[in-house]
Amino acid sequence: MTQLALVIDLNVCVGCHACVTSCKQWNTSGSAGHLSDLQPYGENPLGVFFNRVQTYEVGQFPHTQTVHFPKSCLHCEEPPCVPVCPTGASYKRKVDGIVLVDSDKCIGCKYCSWACPYGAREYDEDRGLMTKCTLCVDRIYDETIPQAQRRPACVNACPTNARLFGDVHDPESEVSRAIRERGGYALMPELGTRPANHYLPRRLPQGSAPADARAQTAQQPPPQAAPARHAAMETLRAPQAEAVEMESRSLFARLFGAVFDTRRPAPAGGE
Amino acid sequence: MRPAFSVLLLTTLVGCAQGLAVAVALPALWGVADPASWLTLWRISLWAILGMGVIGLGASFAHLGRPERAWRAAAMWRTSWLSREVIALPAFLGVAVLSLLALQQLGHWPALLAALLMACALALWVCTAMIYAGIRFLREWATPLTVVNFVLMGLASGGVLAASLAQWALASAAAPYGDAAAVLLALALFGRLAALLRLRHVSPAGSMQTAIGVASPIIRQTSKGFTARAFNTHEFFHGRSAAWVTGVRLSVLLLGFVLPMLLVLGTPQGLQDVTWPLALASNLAGIFAERWDFFAQVRHPQNRYYQAAL
């Protein structure tokens, strides 16, 4: 059985949102109807998107990584949103495993969105329907589109090729190999939803060691012989001084480039 | 989660109607009731059940984005508790109509219809509660206490309503109904308190680490990826302060259970004409607030993706 899915490489996602906008462009022009935008030019617009990119800071300053994290429907193999649907509008295709909403059957009760732990579904207030990522089902099988372009719009748009698309049940597919060889993982696997989409984990750049080494020296406990009050002052002062130094260096590096530390590689993930 | 007003109205009113149905059908089922004297109480109770049911049904339509397609919701009864509720609610109201017709034609309430009405009421409670208890990773809801509490709160509301109606239509039944209502209110209070105690040890399913697949214990969202509104930031956040939620929770306990109990048990017979309907109003307001809290208490796992202000 085929299970189409996306595999997203967090090493190269730069958080440019090209997948977000290309998804919106393709799907708002599709046969299933537009993705509405309420008050698009007003003070507080509300839009429907199938795909969003979020940004996380991981770790404690100064040892932080910025992770740009694109998320759309994960096309779970055990989708919790499907059995709860009272009308059968929400379904998983047997032929390719894509989870879809039949917009002719959906009554807009929103129960499926409560049942999705990933928040992958977005309700379209304008049309009174639940919507979600379709893996561009109206594009990937369209023979009027050149073969190489028959991929989800987000995959085509990604400038860093962070998004791979294919059959995760075919062990020889590009996506299966990527998952196998690069430690691809699913989101919240403990919930038993078995997401089809996978993520390739961030690998820390090897050259980021100097900063780590400096911070570790600063946090070392003072000699036992020193008076207690003095020791306390030292442990308080040392990391603060270090932090200020790191901040100024980082600011300098941002303004003028990392001229001091040539061992440090270019930051992965584009901050 | 954001409480859905129409769902609060539906479950509060229909829960009370179900409780009333059980309260007035029991004497008919046991055959202890003398049909001639009970006829008025049965009749106005069934009309009250239908009235509340129809208002609840109307409210449920208001919850839908496409109410004209509501009939489709009966399709997936094999897998969906919501679909089962969509079948059980009209069935309950249908049996109430049949019972009303039987009272009109036969002058008594056939035991079979009374039993059927009670069965429908119980089935509807299970379906309604399982809509929430069945979502296994919404741990605030996924407990047998959810089902128990829907039943107990419905029975308590229905008991107070039955007592109030009996005051007017069958004075001899008022006192037993009042006593039963007080007991049911106490049981419902314990049920809700048990759920609140359980809530203290419930954490949302999954974890921040597995939500994005990063092992570090320190993860801070710096951007949710857009500056405007989204369905996900609206539907899954109630947007009220902790103080507001605490206030609602206290008012649930006081208005929903304690005050009605005091009014039902503690007022002299002459005043009960006034205080029992007051107890009902207080209880319904409290149950409505309880349903608000029932939604607001849920910390949806998806909220991990929407922590940042921007």
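Here is a quick tour of a sheet shared by two chains, the contact between those chains, and one bent helix.

Keep in mind that this is a predicted model. The sheet is open, with 3 strands in the order S5(A)-S4(A)-S1(B), paired antiparallel. S5 (65-71) of chain A and S1 (219-223) of chain B sit at the edges with a single partner strand each, so one side of each has no neighbour in the sheet. On average, neighbouring strands here are turned by 35 degrees against each other, direction ignored. The two pairings look like this:

| Strand pair | Sense | Bridges |
|---|---|---|
| S4(A) and S5(A) | antiparallel | 7 bridges |
| S4(A) and S1(B) | antiparallel | 4 bridges |

If you want landmarks, find A:Tyr56 opposite A:Val67 in S5(A), then A:Val58, whose bridge partner in S1(B) is B:Ile219.

Now for the wider contact between the chains: 44 residues of chain B touch 48 residues of chain A. On the chain B side, S1(B) chips in the most, with 5 residues. That side of chain B breaks down into 22 nonpolar, 15 polar and 7 charged residues.

Over in chain B, have a look at helix H9 (residues 242-266). At 1.5 Å a residue, its 25 residues should span 36 Å, and the end C-alpha atoms are 34 Å apart, which agrees. H9(B) still bends by about 30 degrees at B:Val258, with B:Pro260 following within four residues. Buried residues of H9(B) include B:Val252, B:Leu255, B:Phe257 and B:Pro260. The buried residues of H9(B) pack against H5 (144-169), H6 (171-199) and H10 (272-296) of chain B.

Key
Residues numbered from 1 in each chain as written. Chains lettered and ligands numbered in written order. Predicted model: local features only at pLDDT ≥ 70, side-chain atom pairs only at ≥ 80, totals over all residues. Pairing = 2+ DSSP bridges. Axes fitted to C-alpha atoms, helices over the stretch in contact; angles between N-to-C directions. Expected span 1.5 Å × (residues − 1). Bend = angle between axes of the 7 residues up to and from the residue. Buried ≥ 20, exposed ≤ 12 C-beta atoms within 10 Å, placed from the backbone. Contact = placed C-beta atoms within 7 Å. Nonpolar A, V, L, I, M, F, W, Y, C, P; charged D, E, K, R; others polar.
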